[in-house]
Amino acid sequence: MAFKVGDEVICIDDSFHPLQIESIPNRPRRNSKYTIRDIKYYDLIDKTGLFLEEIHNPHTVRNIFGQPMEPSFNLIRFKKAQKKKNEVVVQEEEEVACL
(Lines give C-alpha, C1' and ligand atoms only; values in the text may rest on other atoms or scores of the structure.)
Protein backbone atom coordinates (compact mmCIF):
# COMPACT_ATOMS: atom_id res chain seq x y z
CA MET A 1 0.00 0.00 0.00
CA ALA A 2 1.66 3.19 -1.20
CA PHE A 3 1.51 6.42 0.72
CA LYS A 4 1.19 9.81 -0.98
CA VAL A 5 1.16 13.45 0.08
CA GLY A 6 -2.27 14.34 1.43
CA ASP A 7 -3.07 10.83 2.71
CA GLU A 8 -4.43 10.56 6.23
CA VAL A 9 -2.54 8.08 8.39
CA ILE A 10 -2.84 6.65 11.90
CA CYS A 11 0.22 6.24 14.12
CA ILE A 12 0.63 2.60 15.18
CA ASP A 13 4.05 2.88 16.86
CA ASP A 14 5.00 5.82 19.06
CA SER A 15 7.93 4.23 20.86
CA PHE A 16 11.16 6.17 20.42
CA HIS A 17 14.73 5.63 21.57
CA PRO A 18 15.76 8.05 24.38
CA LEU A 19 18.19 9.85 22.02
CA GLN A 20 15.34 10.39 19.54
CA ILE A 21 13.12 11.74 22.32
CA GLU A 22 15.88 14.17 23.26
CA SER A 23 16.38 15.48 19.71
CA ILE A 24 12.78 15.33 18.38
CA PRO A 25 10.51 17.41 20.63
CA ASN A 26 7.30 16.83 18.65
CA ARG A 27 6.45 13.20 17.92
CA PRO A 28 3.37 11.34 16.69
CA ARG A 29 1.15 9.62 19.26
CA ARG A 30 -0.27 6.14 18.92
CA ASN A 31 -3.84 6.00 17.51
CA SER A 32 -3.74 9.67 16.45
CA LYS A 33 -4.57 10.73 12.88
CA TYR A 34 -2.16 12.78 10.76
CA THR A 35 -1.91 14.10 7.20
CA ILE A 36 1.22 13.49 5.12
CA ARG A 37 2.79 16.79 3.98
CA ASP A 38 5.92 15.30 2.38
CA ILE A 39 7.68 11.98 1.81
CA LYS A 40 11.43 11.42 1.62
CA TYR A 41 13.21 8.23 0.59
CA TYR A 42 16.64 7.74 2.15
CA ASP A 43 18.44 5.47 -0.31
CA LEU A 44 21.58 4.98 1.80
CA ILE A 45 19.55 3.32 4.54
CA ASP A 46 16.65 2.10 2.33
CA LYS A 47 13.96 3.74 4.46
CA THR A 48 11.15 6.17 3.77
CA GLY A 49 10.33 9.05 6.10
CA LEU A 50 7.07 10.94 6.41
CA PHE A 51 6.64 14.60 7.29
CA LEU A 52 3.25 15.38 8.84
CA GLU A 53 1.08 18.49 8.52
CA GLU A 54 0.27 18.43 12.22
CA ILE A 55 3.85 18.00 13.44
CA HIS A 56 6.78 20.32 12.77
CA ASN A 57 10.19 20.07 14.39
CA PRO A 58 13.36 22.16 14.43
CA HIS A 59 16.12 21.10 12.05
CA THR A 60 17.95 18.92 14.58
CA VAL A 61 19.29 16.13 12.34
CA ARG A 62 21.87 16.32 9.56
CA ASN A 63 21.72 14.88 6.06
CA ILE A 64 24.67 13.12 4.42
CA PHE A 65 26.13 16.50 3.44
CA GLY A 66 26.01 17.73 7.04
CA GLN A 67 23.17 20.17 6.42
CA PRO A 68 20.57 20.47 9.19
CA MET A 69 17.11 19.17 8.37
CA GLU A 70 13.82 18.43 10.04
CA PRO A 71 13.56 14.81 11.21
CA SER A 72 11.01 12.61 9.49
CA PHE A 73 9.12 9.60 10.83
CA ASN A 74 9.62 6.10 9.43
CA LEU A 75 6.57 5.07 7.40
CA ILE A 76 6.38 1.74 9.26
CA ARG A 77 5.06 3.73 12.24
CA PHE A 78 1.82 4.42 10.32
CA LYS A 79 -1.10 2.82 8.55
CA LYS A 80 -3.54 4.50 6.18
CA ALA A 81 -6.65 5.89 7.85
CA GLN A 82 -9.93 4.34 6.73
CA LYS A 83 -12.63 6.76 5.65
CA LYS A 84 -16.02 6.19 7.21
CA LYS A 85 -19.07 5.96 4.96
CA ASN A 86 -20.72 8.85 6.84
CA GLU A 87 -17.80 11.18 6.08
CA VAL A 88 -18.15 10.56 2.34
CA VAL A 89 -21.93 11.15 2.42
CA VAL A 90 -21.51 14.43 4.32
CA GLN A 91 -18.88 15.61 1.83
CA GLU A 92 -21.18 14.89 -1.12
CA GLU A 93 -24.08 16.75 0.54
CA GLU A 94 -21.87 19.77 1.21
CA GLU A 95 -20.70 19.82 -2.42
CA VAL A 96 -24.32 19.72 -3.68
CA ALA A 97 -25.30 22.52 -1.29
CA CYS A 98 -22.52 24.71 -2.76
CA LEU A 99 -23.85 24.39 -6.34
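1. Is M69 buried or exposed? M69 is buried, with a relative accessible area of 15%. The cut-off for buried is under 20%, so M69 falls in that class because its 15% is below the limit. M69 sits in strand β5, which covers residues 68–69. Its C-alpha atom is 7.7 Å from that of P58. Along the chain, M69 and P58 are 11 residues apart. Please keep in mind that this is a predicted model.

2. Next, the overall layout. The chain contains 2 helices and 7 strands. Read from the N terminus, the elements run β-α-β-β-β-β-β-β-α. The chain has 99 residues, and 26% of them count as buried.

3. Now the sheet. It is an open sheet of 5 strands. The strand order is β6-β3-β2-β1-β7, and the pairing is antiparallel. Which strands form the edges? They are β6 (73–74) and β7 (78–80). Each of these edge strands pairs on one side only.

4. Take the pair β1 and β2. Strand β1 spans residues 8–11. β1 pairs with β2 in the antiparallel sense, over 3 bridges. Two residue matches help to locate this pairing on the model. I10 has K33 of β2 as its bridge partner. E8 stands opposite T35, again in β2.

5. On to β1 and β7. These two strands also pair in the antiparallel sense, with 3 bridges between them. V9 is a good place to look. Its bridge partner in β7 is K80. β7 is one of the edge strands of the sheet.

6. How many bridges join β2 and β3? There are 6, and the pairing is antiparallel. Within this pairing, D38 stands opposite F51 of β3. β2 and β3 form a hairpin, with 4 residues between them.

7. The turn of that hairpin deserves a point of its own. D46 lies in the loop between β2 and β3 (47–52). Its phi is near 55 degrees. That is a positive value in a residue other than glycine. Is D46 buried or exposed? D46 counts as exposed, because its relative accessibility is 57% and the cut-off is over 50%.

8. I45 belongs to the same stretch of chain: it too is placed in the loop between β2 and β3. I45 counts as exposed, at 54% relative accessibility. I45 also helps to make a nonpolar surface patch. The other members are L44, I64 and F65. The patch measures about 520 Å².

9. A second positive phi appears at N31. Its phi is near 70 degrees, and N31 is a residue other than glycine. Where is N31 placed? N31 is in the loop between α1 (18–23) and β2 (33–42). N31 is exposed, with a relative accessible area of 60%.

10. Now the aromatic rings. The count comes to 1 aromatic pair. The partners are F16 and F73, with ring centres 6.2 Å apart. Their planes stand at 80 degrees, so the pair is edge-to-face. F16 lies in the loop between β1 and α1, and F73 lies in strand β6. The pair therefore ties together parts that are 57 residues apart in sequence. Both F16 and F73 are buried.

11. Which residue has its charged end over the ring of F16, 3.8 Å from the centre? That residue is R77. R27 also lies over the face of F16, at 6.0 Å from the ring centre. The ring of F16 is thus worth a close look on the model. F16 takes part in the edge-to-face pair with F73, and the arginines R27 and R77 are placed over its ring.

12. To recap, three places reward a first look. One is the 5-stranded open sheet, with β6 and β7 at its edges. Another is the hairpin of β2 and β3, with the positive phi of D46 in its turn. The third is the buried pair of F16 and F73.

Terms used: Residues are numbered from 1 along each chain as its sequence is written. This is a predicted model: local features need pLDDT of at least 70, side-chain atom pairs count only at pLDDT 80 or more; totals for chains, interfaces and linings use all residues. Side-chain values use heavy atoms; hydrogens and water are left out. Buried means under 20% relative accessible area, exposed over 50%, partly exposed in between (1.4 Å probe, protein chains only). Two strands pair if DSSP finds at least two bridges between them. Patches are made of residues with over 30% relative accessible area and no salt bridge: like charges are joined within 9 Å, nonpolar side chains (Val, Leu, Ile, Met, Phe, Trp, Tyr) within 5 Å. Accessible areas come from the Shrake-Rupley method with a 1.4 Å probe; for residues, only the protein chains shown count as cover. A salt bridge is a side-chain nitrogen of Lys or Arg within 4 Å of a carboxyl oxygen of Asp or Glu. Rings of Phe, Tyr and Trp (its six-membered ring) pair if their centres lie within 6.5 Å; planes under 30 degrees apart count as stacked, over 60 as edge-to-face and the rest as tilted. A charge sits over a ring if NZ of Lys or CZ of Arg is within 6 Å of the ring centre and within 35 degrees of the ring normal.
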